[in-house]
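Biologist: Hey, got a minute to walk me through this one? I'd like to start with the RNA and then wander a bit.

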Amino acid sequence: MRSASNRLQSQPMRLSRYFLPILKETPKEAEIVSHRLMLRAGMIRQESAGIYAWLPLGLRVLQKICAIVREEQNRAGAIELLMPTLQSADLWRESGRYDDYGKEMLRIRDRHERDILYGPTNEEMITEIFRASVRSYKDLPLNLYHIQWKFRDEVRPRFGVMRSREFLMKDAYSFDLDQAGARHSYNKMITAYLRTFKRLGLTAIPMMADTGPIGGDLSHEFIILASTGESEVFCHKDYLGFETPPETIDFDDPAAMQAVFDKWTSLYAATSEKHDAAAFAALPEEARVSARGIEVGHIFYFGTKYSAPMKAVVNGPDGKETAVHMGSYGIGPSRLAAALIEANHDEAGPIWPDAVAPFRVGLINLKVGDAACDGASARIHRALEAAGVDVLYDDRDERPGAKFAAMDLVGAPHQVIVGPKSLAEGKVELKIRRSGERELLGVEAAIDRLGGKA
RNA sequence: CGGAGUGUAGCGCAGUCUGGUAGCGCACCUCGUUCGGGACGAGGGGGUCGUAGGUUCGAAUCCUAUCACUCCGACCA
């Protein structure tokens, strides 16, 4: 079982004291399964078109996703900061994007009649921060990132948090002296992304992509395959078996990073916009994978597109000023929460991978008020919490059926069911959410198993 | 932004055509019986009928305006 490193700071949680507004019926507006289940499980609540409140259960998932994203960004040498959501229009006039961006940008006016905007991305601002302080090539390379709410005023938001107007995004920005350095930075992020998605329990494939309004000439989308995916994608089957770069890989070794890039871009992979039917048809038939995909990350190299007009320059070894080469690297944690459900669910609810489960263990006391059941449940709850496991303890005075349904909807990967029948023989039942597999174990054995000791 | 819809209790809906003072299921509260896959009975609480104007003795219902939300398409992390 994965270590407790991704555990949230939290108090022991009893469902009777929690805020988990689950719905028995499906709200009619929810078309896709992730949206439906997130509403039913009480993870999110829509407050406006494309704008959602994250309720406690959803927030836990979001925080766990962010923790993994953060760990892998840090491992790759990126440094976290936090930029504001609101930005000055003047900054965007410098890059020329204030007029280019169109109606997707939410424009606001403050009390002094100054134009401000709710940031859809942060290239301008990070460039401004960089140029204010960095003067020398010796301070390079640099990669700064933050995890912050963004807003894009989509014409038609839909699919819940999969395509919302407000969304959480990790965006990293790299600064290098030249193109070779920028390529290395790009390769580091590819490696970090492969590791990030793997840890989230997803198989993500980098695919050639259009650069969109951000511009540039090197860009990949990271796509996960899911039958309910929004777009059509085509790739070589071997990608599905490729090994993820290990934790120990040296991010400062350009050759190692280039090798990762070369391997993961060696075979055919493209979204429908970039699809080359002839190239795809040239693959052996059994190697062709044509599927639906969900974009969960997008990376760009765009050279001096912002640094030149915004004068983000450094002195090189030769004493001359040069505009830095930049790239940007996005992952959408809020969208990932939905994508994870699209990739992991059944009729009863989400089936979270251990790494992002809001609670790793769901503890069900089938007979609240029965001294033996209460005692065994409390013992298990305390022991697992002490072992660093997130446990949701259903101590409500409800009927068994309602408890089973609720816990399946929460999606805890491991369930412990404490009922009078099995407890009479000193046993509790362990259920694996994904497979439905059940096993009877003694109380202490169950604690050891789920606490990671056995 | 084009096209199509919907706004009535927390959720799902009926009532609107044909105007007469608001109803059903789930959820919620109380009591009882239940209790290993979303129980049953009895009782109860909760609604400015999206909003504003108009017509009328009387408007959820008819008229006008407006707002919000949803779906299809184009667009997009």
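Modeller: Sure. One term before we start: a residue counts as near a strand if one of its heavy atoms lies within 4 Å of it. And keep in mind that this is a predicted model.

Biologist: Fine. So what share of the RNA strand B atoms within 4 Å of the protein is sugar or phosphate?

Modeller: Sugar or phosphate accounts for 43% of those atoms of RNA strand B, and the rest belong to bases.

Biologist: And which residues come nearest to RNA strand B?

Modeller: There are 39 residues around the strand, and the nearest are R156, S164, E295, D408 and E429.

Biologist: How do the residues of that surface divide into nonpolar, polar and charged?

Modeller: The surface near RNA strand B has 19 charged residues, 12 nonpolar ones and eight polar ones.

Biologist: Which residues have atoms close to a phosphate oxygen, say 3.0 Å away?

Modeller: That's Q46, where a polar side-chain atom lies 3.0 Å from a phosphate oxygen of RNA strand B. For E29 a polar backbone atom is involved, 3.4 Å from a phosphate oxygen of the strand. K103 has a side-chain N or O atom at 3.5 Å from a phosphate oxygen of RNA strand B.

Biologist: Which elements give two or more residues to that surface?

Modeller: Those are β2 (44-48), β14 (288-303), α11 (400-410) and β23 (427-432). The most comes from α11, which gives seven residues.

Biologist: Switching topic: how many helices and strands does chain A have?

Modeller: Chain A has 13 helices and 24 strands.

Biologist: How does the radius of gyration of chain A sit against a compact globule?

Modeller: It agrees: chain A has 24 Å, and a compact globule with 454 residues would have a value near 22 Å. The C-alpha trace of chain A spans about 80 × 60 × 40 Å along its principal axes.

Biologist: At what angle do α1 and α9 pack?

Modeller: Helix α1 (residues 33-40) and helix α9 (residues 333-343) pack at about 110 degrees, and their axes are 8 Å apart. That makes α1 roughly perpendicular to α9.

Biologist: Which residues make the contact?

Modeller: From α1 it's V33, S34, L37 and M38, and from α9 it's A337, A338, I341 and E342. By type, the contact of α1 with α9 has six nonpolar residues, one polar and one charged.

Biologist: Last thing, the backbone. Is the L140 to P141 peptide bond cis or trans?

Modeller: That bond is cis, with omega near -5 degrees. P141 is in the loop between α5 (123-133) and β8 (142-151).

Biologist: And what is phi of F159 near?

Modeller: Phi there is near 60 degrees, a positive value in a residue other than glycine. F159 is found in the loop between β8 and β9 (166-176).

Key:
Residues numbered from 1 in each chain as written. Chains lettered and ligands numbered in written order. Predicted model: local features only at pLDDT ≥ 70, side-chain atom pairs only at ≥ 80, totals over all residues. Heavy atoms only, no water. Polar contact = N/O pair within 3.5 Å; in protein donor to acceptor, adjacent residues only side chain to side chain. Helix = DSSP H or I, 4+ residues; strand = E, 2+ residues; numbered from the N terminus. Nonpolar A, V, L, I, M, F, W, Y, C, P; charged D, E, K, R; others polar. Axes fitted to C-alpha atoms, helices over the stretch in contact; angles between N-to-C directions. Parallel < 35°, antiparallel > 145°, perpendicular 65-115°, else oblique. Contact = heavy atoms within 4.5 Å. Rg over C-alpha atoms; globule rule 2.2 N^0.38 Å.
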